[in-house]
Amino acid sequence: MESSTRILILGTDSTGKVLQFDRNAAAVLDVRPGMMLDELVAGARDTLLEALRTGRERTVVLSMQTLDGSAYDAVVTAHPMSGGDGGTGLAALAVVRVPVPLADRFLDPAVMRRTLLEDSLPRIGATLDLDLLARGLVDILVPAFCNSGALLLLDSLVDADEPPEDPTPLLRRMAVATDDDDPAWDAAFPTGEALTYPGDSPHMECLRRGEPVRALPAGEEAVALAEAWRRPAVADLLKGSSLLLLPIEAGGTVLGFFACSRNTAHRPFDAYDVEIGMEFASRAAGFVESARRYGRERATALTLQRSLLPTGLSAPSSVQVQHRYLPGSRLIEVGGDWYESIALPGARVALVVGDVAGHGVRAAVTMGRLRTAIHTLAGLDLPPAEALERLDSLMRSLGEREPHFATCAYVLYDAVSGRCEVASAGHLPPLVVPPGGPAAYLDVPPAPPLGIGDGPIVSREFTVEDGTLLFLYTDGLVENRARDIDDGLGRLRRTFDLGAPTLDALCQAALDGVYDDQHRDDIAMLLARLHRIGDDAHVSWDLPADPAAVRRARGLVRDRLARWGLAEMAESTVLLASELVTNAIRHAGGRITLRLVREEGLVCEVFDASDGRPRVRAGDGAPFAEAGRGLNVVSRLASRWGVRRTPHGKAVWCEQPLK
């Protein structure tokens, strides 16, 4: 905070002789008419003559001595007169700004008013962080208006949704400041403390009436507070001081008050101080209310956003998944970054990271909609490219009322074959780190962001080695105002080249250096170590499109379940397999493949070359007519079943929980 200053005005002629001066100059300097300016402020005459010669004001910092012998660095500004001197002989004004001595800083109301209302208050008015605002407001009051000061707000207004009806409200001490740096103040009045005041105290009177309260002196009240709080230091610090409480009121509600005190070395608060203080408190109330509302809205948006983020991630047992979500800095609103890991039947997993453009509640709500949609689309076993096309359609329909868009990367990993399929809509490329190899960004066919709807979305398939790391992230991790995105991508790649012993440590290393960014966007990260499931956890057989193959399928399934120690599941699994195989033989033709996968559940899959999607149907006369009877049986016996497309046709699958 800038120091309080006193302004002295001296009128001189063209030679630097003092002709007139104000009462501030008379109180601070040993000045008399006819003295030369240099006698008061050494070196000021040269500045004055330079201003007169050029016709423009000049400012310089010079040393000077006051009446009491104190030496100060003064800011001297020479203003040449224009339009004539009116017969007075005045040629220039010398405006001298000197610091106000601590002992005299409460004597000049003009100095206090200027310091409180003009110099500092406008600068901190844009602060929306309530804690920073409270600190800044109290730092203005001390030392310009009082020796010690504090800001206290109703605790219910800081934290709760609705203020409770309480005759003795709880207050929160938001900030404290003193001009002597005595540690006893922090011990007696700790910042952040929630407290109550006695019902007959001046503090409660200020809250009830919403009017300023003076206590002259505050001795008895100090003793009462010390006894109520069981802190003897309170009485020692406040006894004999002058206390002024300034209510903070917004919208007809008293939010709290400023507590100002002056010690016995300074004059007590008077009516003029009350007027200045209330003007300060009135302006500060608007800032406090804005910061309070912003803080509550931001907290609401954060709560909404966090409630929409996943509380747990699922994946096959052979895939390790680690995630991180870092909210944006307090200077940035809530964002719409999100992540998902969804285990799918047949030892597969969908890994998704997205970023809704913009900030605030709207972005968080849109993020929740996309998360819900991606769960549905993953459950339908849609390929990544088709799933993103459906999301694009959803975003365009949402954008009919309010245009917005999002980016998304979708990876589907099959832990049986080790195959990955990846598609991206305007998102940054995934980072792939093979075991023992360098990190590299995956070349994914580009596509516009979701909601733009201008161009196809194409996927890419590839096989990964066991132990490969796959890293998905949002742009907040690699881009900020001070760093180009290419530099951020290079730093991220080097981080993974160095490696770390655990996935958690790798995530932490990726975040290093982003916490101190005051304009940081929110960040979502998803890191997966990909492994195939063991060879003994899956088996497949090629079968001809022959009704006799059904009997063979039953025998193969029964034998395999016996080897896996799952003989008790043989009857139901044999029936499910025979129904799926029969269905494929009747409606698909060509060779088929039967596969069993033992993972979190027991999955039975039948692959064929047809792209037709089977449906459960009931006959006209009975619920289990011949048409669709097999899938009716499957839907009754299995915990879930479905159909997914493959490069050469489709796969019909069903899953049973392991007993």
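In this predicted model, helix α9 (residues 202-209) lies across β6, β7, β9, β10 and β11, and runs at about 25 degrees to β10. The helix has several buried residues, namely Pro202, His203, Met204, Cys206 and Leu207. An α-helix has 3.6 residues a turn, so residues three or four places apart point the same way. After α9 comes glycine 210, with a positive phi near 70 degrees.

The strands beneath this helix can be followed one by one. They belong to an open sheet of 6 strands with antiparallel pairing, and the order reads β8-β7-β6-β11-β10-β9. At the edges stand β8 (194-195) and β9 (213-215); each has a single partner strand, so one side of each is left without a neighbour in the sheet. For β9, that partnership is with strand β10 (residues 242-250), in the antiparallel sense and over 3 bridges. Within this pairing, valine 213 finds its bridge partner in β10 at leucine 245.

Some strands of this sheet also take part in enclosing a cavity. Across the whole structure, a search finds 3 cavities of 30 Å³ or more, and the largest of these has a volume of about 180 Å³. Its lining is made up of 16 residues, with Ala150, Trp185, Phe189, Leu238 and Ala259 lying nearest the centre. Two or more lining residues are given by each of β6 (148-154), β7 (171-178) and β11 (253-262). Strand β6 supplies the largest share, with 4 residues. Sorted by class, the lining of the largest cavity holds 11 nonpolar, 4 polar and 1 charged residues.

A second open sheet is worth a look further along the chain. Here 5 strands pair in antiparallel fashion, in the order β12-β21-β20-β17-β18. The edge positions are taken by β12 (320-326) and β18 (440-441), each of which pairs on one side only. Strands β17 (residues 431-433) and β20 (residues 468-473) run antiparallel and are joined by 3 bridges; among the residues involved, valine 432 has leucine 470 of β20 as its bridge partner. Helix α16 (residues 503-511) packs on the sheet, where it touches β12, β20 and β21, and its direction makes about 30 degrees with that of β12. Another helix, α15 (residues 485-498), lies across β17, β18, β20 and β21 (523-530), and runs at about 150 degrees to β20.

Attention can now turn from the enclosed space to the open one. The largest pocket has a volume of about 630 Å³. It is lined by 27 residues, of which Asp414, Arg644, Arg645, Thr646 and Pro647 are the closest to its centre. Helix α13 (361-379) gives two or more residues to this lining, as do the strands β15 (406-414), β16 (419-425), β24 (601-608) and β25 (640-646). The largest share comes from β15, which provides 4 residues. In terms of class, 13 nonpolar, 4 polar and 10 charged residues make up the lining of the largest pocket. For the reader comparing the two spaces, the figures can be set side by side: 10 charged residues line the largest pocket, while the lining of the largest cavity has 1.

How values were computed
Residues numbered from 1 in each chain as written. Predicted model: local features only at pLDDT ≥ 70, side-chain atom pairs only at ≥ 80, totals over all residues. Heavy atoms only, no water. 1 Å grid on protein atoms, 1.4 Å probe; cavity = no way out; pocket = protein on both sides within 12 Å on 5 of 7 lines; lining within 4 Å. Points joined across faces, edges and corners; volume = space filled by probe spheres on them. Nonpolar A, V, L, I, M, F, W, Y, C, P; charged D, E, K, R; others polar. Pairing = 2+ DSSP bridges. Contact = heavy atoms within 4.5 Å. Axes fitted to C-alpha atoms, helices over the stretch in contact; angles between N-to-C directions. Buried < 20%, exposed > 50% of the residue type's maximum accessible area, 1.4 Å probe, protein only.
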